[in-house]
Amino acid sequence: MFLFRRAREDRAFREAQQAGQTLLLRLQATQPWPSFPEPTPQAPAAGSAVVPDFLPPDLRVPARQEVAGVMMRWLQPLVVDGEVRTCPECGVYRDWIVFCMRDDSIWLRCRAGHETKEPGLDAVWFNRNSGPVDRFHPTLEEGLRHLGH
């Protein structure tokens, strides 16, 4: 009994929605839309200079494609897929520099300078765990020195 009453109420509700939609479409078809004049572009005043919407070249940040990669320091042990990553050469498991390269590959560098590609991580992980870029360095050595390596 309850099941049929619910179906009957649902059907009545759908019919009311359809009737309201039909009425709205008929009303829109019969109502004349107000005619708005086309906006005319205004010329800038003689005394005002046109200011561009973007920053001057010396304040612009390089695009992601213009830099070789982004790096961050990772002090704690790096756990990927439930496994602590260690350097394959020296066995160190903490104090990494994590690089996200232009091709979205992730590389790890230990304090001793050994570098290894990390296939278990991707650019999405890097973006989620890194903070905002605070500096751009012209060379890798300057970036490593800035991060304490």
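Which residue takes a positive phi in the hairpin of E5 and E6? Gly 113 does, with a phi near 95°. These legends walk through several close-ups of a predicted model, with that hairpin among the views.

**View 1. The whole protein chain, for orientation, holds three helices and six strands.** Reading along the sequence gives the pattern α-β-β-β-β-β-β-α-α. The protein chain has 149 residues, and 18% of them count as buried. Helix H1 covers residues 2–30, while helix H3 covers 140–146. Keep this layout in mind as you move to the close-ups.

**View 2. Strands E5 and E6 form a hairpin with five residues between the strands.** E5 is joined to strand E6 (residues 115–117) by three bridges, and the two run antiparallel. To find your way across the pairing, start at Trp 107: its bridge partner in E6 is Lys 117. Then look for Gly 113, the residue with the positive phi near 95°.

**View 3. Strands E4 and E5 make a hairpin too, with four residues between them.** Here E4 (residues 96–101) pairs with E5 (residues 106–109) over four bridges, in the antiparallel sense. Cys 100 makes a handy landmark, as its bridge partner in E5 is Ile 106. In the turn sits Asp 104, which has a positive phi of about 70°. Strand E5 thus appears in both hairpin views, paired with E4 and with E6.

**View 4. Two tryptophans, Trp 74 and Trp 125, form an aromatic pair.** The structure holds one such pair. Its rings are 5.2 Å apart, centre to centre, with 50° between the planes, and the arrangement is tilted. The label follows from the angle, because planes under 30 degrees apart count as stacked and those over 60 as edge-to-face, with the rest being tilted. The pair links distant parts of the chain: Trp 74 belongs to strand E1 (residues 69–74) and Trp 125 to helix H2 (residues 123–129), 51 residues apart. Are these side chains in buried or exposed residues? Trp 74 counts as buried because its relative accessibility is 12%, and Trp 125 counts as buried at 13%.

**View 5. Cys 87 and Cys 90 are shown with their sulfurs 3.6 Å apart.** Why is there no bond between them? The sulfur of Cys 90 has its closest cysteine sulfur in Cys 87, and 3.6 Å is too far for a bond, since a disulfide needs the sulfur atoms within 2.5 Å. The structure as a whole holds zero disulfides. The two residues also make a nice comparison of surroundings: Cys 87 is buried, with a relative accessible area of 4%, whereas Cys 90 is partly exposed at 36%.

**View 6. Val 61, Val 133 and Phe 136 make a nonpolar surface patch.** The patch has an area of about 290 Å². To place one of its members, follow the chain to the loop between H2 and helix H3, where Val 133 is found.

**View 7. Gln 65 lies in the loop between helix H1 and E1.** This residue is exposed, with a relative accessible area of 58%. Turn next to Asp 103, which is 38 residues from Gln 65 along the chain. Their C-alpha atoms are separated by 9.1 Å.

Notes: Residues numbered from 1 in each chain as written. Predicted model: local features only at pLDDT ≥ 70, side-chain atom pairs only at ≥ 80, totals over all residues. Heavy atoms only, no water. Phe/Tyr/Trp six-rings, centres within 6.5 Å; stacked < 30°, edge-to-face > 60°. Buried < 20%, exposed > 50% of the residue type's maximum accessible area, 1.4 Å probe, protein only. Patch = residues over 30% accessible without salt bridge, like charges linked within 9 Å, V, L, I, M, F, W, Y side chains within 5 Å. Areas by Shrake-Rupley, 256 points an atom, 1.4 Å probe, with all protein chains shown as cover. Salt bridge = Lys/Arg side-chain N within 4 Å of Asp/Glu carboxyl O. Pairing = 2+ DSSP bridges.
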